[in-house]
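Here's a walk through the fold, strand by strand and then into the cores. Keep the model open and turn it as you read.

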Amino acid sequence: MLLAVDVGNSITSVGLFDKDQHLCFLSRLNTDSRKTSDQICVDFINLFTLYHHAFSEVSGSILCSVVPPLNFMMEKALTLLLGKPPMVVGPGVKTGLNIRLAAQTQVGANIVADAVSALEKFQAPIISIDMGTATTIGVISRDRTYEGGLLLPGVNVSLEALSRHTAQLPAISLEHPKALIGKSTEDCMRSGIVYGTAGMLDGIIDRIREQFPGQEVSVVATGGNAPVIVRYCRNQVVYDKYLLMNGLWVIYQKNR
């Protein structure tokens, strides 16, 4: 079995794959860069107990992280639990991607995993959207080249900024709006953030499509906020909950 760990700015996703690339479980933990390796070990032990699996079943692990201060402790914890260090997505790891950026080391490990997974499932060119703490948009062309992308504030970041920097607007949760035109302050905020984000994505998708005249562009979205937003987009956007995790599986197999 393969243990895959994705450390995001807000959430750490932990998935366990069997030999047939089936996810035995996928769990989400709060990311806390203050945790020691022992505390991380306890979190993993609790997850394995909860889902009735043993570490003796795990043959390897792969780590994808966008929180550098936590990398050392996470690697140490996985080494303690499994008896060998994890494969870390980063420079030197084979991905099958051609990265067309000024500094390839600046590409987030999560963006790489999303792109690798998208190429396994969709016809390029592909627009890959990951909606977490930040909204990252990647563009992959037909020759498996990561052309670059866009970075935007995430939906929850925008909501928090709106309530924090205004005197009369409350903190609200991200939910489906009741209607396009809100009838209360909360409804107006919820409608604005959901329809506004969907409209922004539509505009960006349309502009990226213009860069590939005569080609059918696939669009896939993942991340915690994607299910709420994608259904309000006018473009056809496929939601794939397991996009990043499956990308980690593919990268591990390429480097095993």
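Let's start with strand 1 (residues 2-7), which runs parallel to strand 4 (residues 60-65) and is joined to it by 6 bridges. If you want a landmark for the register, look at leucine 3, which sits opposite serine 61 of strand 4. Keep in mind as you go that this is a predicted model.

Now zoom out to the sheet around that pair. There's an open sheet of 5 strands here, in the order 3-2-1-4-5, and its pairing is mixed. At the edges you'll find strand 3 (23-30) and strand 5 (87-88), each with a partner on one side only.

Next, the helices. Helix 2 (residues 68-82) lies across strand 1, strand 4 and strand 5, and its direction is at about 170 degrees to strand 4. Helix 7 (residues 243-255) also packs on the sheet: it touches strand 1, strand 2 (11-17), strand 3, strand 4 and strand 5, and makes an angle of about 125 degrees with the direction of strand 1.

That brings us to the packing. Nonpolar side chains in soluble globular proteins tend to be buried together. In this model, the largest nonpolar core has 33 residues, and Ile62, Leu248 and Ile251 have the most contacts inside it. Strand 1, strand 4, helix 3 (109-121) and helix 7 each put at least two residues into this core. Which residues does leucine 248 contact, leaving aside its neighbours within four places in sequence? The list is Ala4, Val5, Asp6, Ile62, Cys64, Val89 and Ala113. A separate core of 29 residues lies apart from the largest one, and its members include Ile129, Leu201, Val230 and Val237.

Now move along the chain to strand 7 (residues 126-131), which pairs with strand 8 in the antiparallel sense over 6 bridges. A hairpin of 2 residues connects strand 7 to strand 8, and across the pair isoleucine 127 has valine 139 of strand 8 as its bridge partner.

Strand 8 then pairs again, running antiparallel to strand 9 (residues 145-153) with 7 bridges between them. Here isoleucine 140 stands opposite tyrosine 146 in strand 9. These two strands also form a hairpin, this time with 4 residues in between, and arginine 144 in the turn has a positive phi of about 60 degrees.

Why is strand 8 (residues 134-140) described as largely enclosed by the rest of the structure? Because 6 of its 7 residues are buried.

Key:
Residues numbered from 1 in each chain as written. Predicted model: local features only at pLDDT ≥ 70, side-chain atom pairs only at ≥ 80, totals over all residues. Heavy atoms only, no water. Pairing = 2+ DSSP bridges. Contact = heavy atoms within 4.5 Å. Axes fitted to C-alpha atoms, helices over the stretch in contact; angles between N-to-C directions. Buried < 20%, exposed > 50% of the residue type's maximum accessible area, 1.4 Å probe, protein only. Core = buried A, V, L, I, M, F, W, Y, C linked by side-chain atoms within 4.5 Å.
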